[in-house]
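Reader: Hi, I am new to reading structures and would like to go through one with you. Could you put it up so that we can both look?

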Amino acid sequence: MSEPTAPPSRAPRVVPCPTCRAPTLFTPDNPFRPFCSARCQGQDFGAWATESYRVGAESPPDTADD
Ligand SMILES: [Zn+2]
């Protein structure tokens, strides 16, 4: 075993998928990066959209206590 101290720069970068935490290739070859798949990408975006929508739509009129 004679491994160099520095990792090979040609090795693809692997990042955990934000949605399912699965090791995902962060390369131009992966159109869903940093997600592992379109499914995870869509789920994350959906959650984001839903949350944003909620924040904007749900305005609890709690000022009728006068
Ligand atoms: Zn994933």
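Reader: Let me start with Gln 43: is this residue buried, partly exposed or exposed?

Author: Gln 43 counts as partly exposed, because its relative accessibility is 46% and the partly exposed class runs from 20% to 50%. Please keep in mind throughout that we are looking at a predicted model.

Reader: And where in the chain is Gln 43 found?

Author: Gln 43 is found in helix α1. If you look from there towards Cys 20, which is 23 residues away along the chain, the C-alpha atoms of the two residues are separated by 10.0 Å.

Reader: What is Cys 20 doing in this model, then, and which other residues are protein donors of the zinc ion?

Author: Cys 20 is one of the protein donors of the zinc ion, and the full set consists of Cys 17, Cys 20, Cys 36 and Cys 40, each giving its SG atom at 2.3 Å from the ion. Along the chain these donors follow the spacing C-x2-C-x15-C-x3-C.

Reader: What do Cys 17 and Cys 40 tie together?

Author: Cys 17 lies in the loop between β1 (14-16) and β2 (23-25), whereas Cys 40 belongs to helix α1 (residues 38-57), so this pair ties together parts that are 23 residues apart in sequence.

Reader: What geometry does the site have?

Author: The site of the zinc ion is tetrahedral, with angles of 104 to 117° among its four donor atoms. As a point of reference, the ideal angle for four tetrahedral donors is 109.5 degrees.

Reader: Which of Cys 17, Cys 20 and Cys 40 are buried, and which are partly exposed?

Author: Cys 17 is buried, with a relative accessible area of 1%, and Cys 40 is buried as well, at 8%. Cys 20, on the other hand, is partly exposed, with a relative accessible area of 39%.

Reader: With those cysteines around, how many disulfides does the structure hold?

Author: The structure holds zero disulfides.

Reader: Okay, let's stay in the loop that has Cys 17. What about Pro 18, where is its place?

Author: Pro 18 has its place in the loop between β1 and β2, and at 44% relative accessibility this proline counts as partly exposed. Leaving aside residues up to four places away in sequence, Pro 18 touches Pro 34 and Phe 35. Its C-alpha atom is separated by 8.0 Å from that of Cys 40, which is 22 residues away along the chain.

Reader: You mentioned Pro 34; is the peptide bond from Arg 33 to Pro 34 cis or trans?

Author: That bond, from Arg 33 to Pro 34, is cis, with omega near 5°. Pro 34 itself is found in the loop between β2 and α1.

Reader: And what is phi of Arg 21?

Author: Phi of Arg 21 is near 65°, which is a positive value in a residue other than glycine. Arg 21 lies in the loop between β1 and β2, and with a relative accessible area of 66% this arginine is exposed.

Reader: Let me change the topic to Thr 24. What does this residue touch?

Author: Thr 24, which lies in strand β2, touches Arg 13, Val 14, Val 15, Pro 16, Cys 17, Asn 30, Pro 34, Phe 35 and Cys 36, when residues up to four places away in sequence are not counted. Thr 24 is buried, with a relative accessible area of 3%.

Reader: Asn 30 is in that list, so is Asn 30 buried or exposed?

Author: Asn 30 is buried, because its relative accessible area of 10% falls under the 20% limit. Asn 30 lies in the loop between β2 and α1 and touches Thr 24, Leu 25 and Phe 35, again without residues up to four places away in sequence.

Reader: Zooming out, how many helices and strands are there in the chain?

Author: There are one helix and two strands in the chain, and from the N terminus on the elements run β-β-α.

Reader: What share of the residues counts as buried, and how much surface is there?

Author: Of the 66 residues of the chain, 11% count as buried. The accessible surface of the chain comes to about 6100 Å², and 56% of that surface belongs to carbon and sulfur atoms.

Definitions and conventions:
Residues numbered from 1 in each chain as written. Predicted model: local features only at pLDDT ≥ 70, side-chain atom pairs only at ≥ 80, totals over all residues. Heavy atoms only, no water. Donors = N, O, S within 2.8 Å, 3.2 Å for Na, K, Ca; no water. Tetrahedral: all angles 85-135°; square planar, octahedral: opposite > 155°, others 65-115°. Helix = DSSP H or I, 4+ residues; strand = E, 2+ residues; numbered from the N terminus. Buried < 20%, exposed > 50% of the residue type's maximum accessible area, 1.4 Å probe, protein only. Contact = heavy atoms within 4.5 Å. Areas by Shrake-Rupley, 256 points an atom, 1.4 Å probe, with all protein chains shown as cover. Disulfide = S-S within 2.5 Å.
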